[in-house]
Amino acid sequence: MSDSSPSSSYFDPATSESDDEGITSPDSDVPSPSNSTRPPHQPSGNALILVETAFLASAASLIWFVNYYFPMGPVLRLFFSLPMALLYLRWGKRASVMGAVASFLLLSVLMGPTRSIVFLIPYGWLGVVLGGMWKRGKAWWMSISVGSVIVAIGFFFKYWLLSILLGRNLWAYGTVQIASLAEWIFIKLGILAQPSLMLVQAIAVLMIFINSIVYLFVVHLVSLLLLDRLNSPIPRPPKWVQVLLDYE
């Protein structure tokens, strides 16, 4: 007499469904939980900002370093502030300030704090200010005016710092040279008078500001041609500059 066991032949649908509940067919359209919550692969924005900040800060330091030991006239001087301005145009104020500080620290290691602070004031400061004004779309005459004041402040700061380090009043020495030039001009013009100290110092300050204005204007021209090609354009120049350069 053969009696089959009920437990071996009994089929429980509920048990079968519960056993197969976690199994998903390979052809199923329902994604697994691990894939449904995973974001698409994208580069981190913070990492990109840090990389560009470090690169442009190093580039600014390298330009200053090369110009100090292998001077090429005023050519490289035009590019001192552009890396910081480019950082502001691309990533904002924080990245630009970080780039200026990083350049200062790198130059402090390579050349000492005295030469690095001469880079920071005015060129690092100038790059941050120019980048902010360009990003806000300010007119050229505004950015050139503000930049000229910063460059002039940097000139006086450099004279003051060197006077302390050398123990001599370099401004007085420069005033003597300007006085000699003013006397020569007075003689050529037939003016029988000796220029006063106040007039000589006013001429010196005026020459510094004129030099700063010319420098900032050329920096704007270089930035216009260079940053447009880097997809970080600056405000358009005045009409007469566009006509002069045939630039649209």
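**Exercise 1. Which residue with a positive phi follows H9?**

Solution. The model examined here is predicted, and the backbone is inspected just after the helix. H9 is followed by Gly190, and the phi of Gly190 is positive, near 75°. At the N-terminal end, the cap of H9 is Asn169, which places a side-chain oxygen 3.2 Å from the backbone nitrogen of Trp171.

**Exercise 2. Work out whether the span of H9 agrees or disagrees with the expected value for its number of residues.**

Solution. Step one is the expectation: H9 has 19 residues, and at 1.5 Å a residue they should span 27 Å. The expected span is obtained by multiplying 1.5 Å by one less than the number of residues. Step two is the comparison: the end C-alpha atoms of H9 are 28 Å apart, which agrees with the expectation.

**Exercise 3. Identify the buried residues of H9 and elements that cover them.**

Solution. Taking buried as under 20% relative accessible area, one finds Leu170, Gly174, Thr175, Ile178, Ala179, Ala182 and Phe186 as the buried residues of H9. The cover over these buried residues includes H8 and H10. Ala179, which has its place in helix H9, serves as an example: leaving aside residues up to four places away in sequence, Ala179 touches Pro195 and Val200. The C-alpha atoms of Ala179 and Gln194 are separated by 9.0 Å, although these two residues are 15 residues apart along the chain.

**Exercise 4. Describe the second largest pocket through its volume, its lining and the elements that supply it.**

Solution. The second largest pocket has a volume of about 150 Å³, and its lining consists of Phe155, Tyr159, Trp171, Gly174, Thr175, Ile178, Ala204, Met207 and Ile208. The elements that contribute two or more residues to this lining are H8, helix H9 (170-188) and H10, and H9 gives the most, with 4 residues. Sorted by class, the lining of the second largest pocket holds 7 nonpolar and 2 polar residues and no charged ones.

**Exercise 5. Characterise the largest pocket in the corresponding way.**

Solution. The volume of the largest pocket is about 580 Å³. Of the 21 residues lining the largest pocket, those closest to its centre are Trp64, Arg77, Val118, Tyr123 and Lys158. Two or more lining residues come from each of helix H4 (45-69), helix H7 (113-135), helix H8 (140-166) and helix H10 (197-227). By class, the lining of the largest pocket comprises 13 nonpolar, 5 polar and 3 charged residues, whereas the lining of the second largest pocket has no charged residues.

Notes. Residues are numbered from 1 along each chain as its sequence is written. This is a predicted model: local features need pLDDT of at least 70, side-chain atom pairs count only at pLDDT 80 or more; totals for chains, interfaces and linings use all residues. Side-chain values use heavy atoms; hydrogens and water are left out. On a 1 Å grid over the protein atoms alone, a cavity is a set of points where a 1.4 Å probe fits but cannot get out, and a pocket is an open set with protein on both sides within 12 Å along at least five of seven lines; lining residues have an atom within 4 Å of a point. Grid points are joined across faces, edges and corners, and a volume is the space filled by probe spheres set on the points. Ala, Val, Leu, Ile, Met, Phe, Trp, Tyr, Cys and Pro count as nonpolar, Asp, Glu, Lys and Arg as charged, and the others, Gly among them, as polar. Buried means under 20% relative accessible area, exposed over 50%, partly exposed in between (1.4 Å probe, protein chains only). Contact means heavy atoms within 4.5 Å. A polar contact is a pair of N or O atoms within 3.5 Å; within protein, one must be able to donate a hydrogen and the other to accept it, and residues adjacent in sequence count only if both atoms are side-chain atoms.
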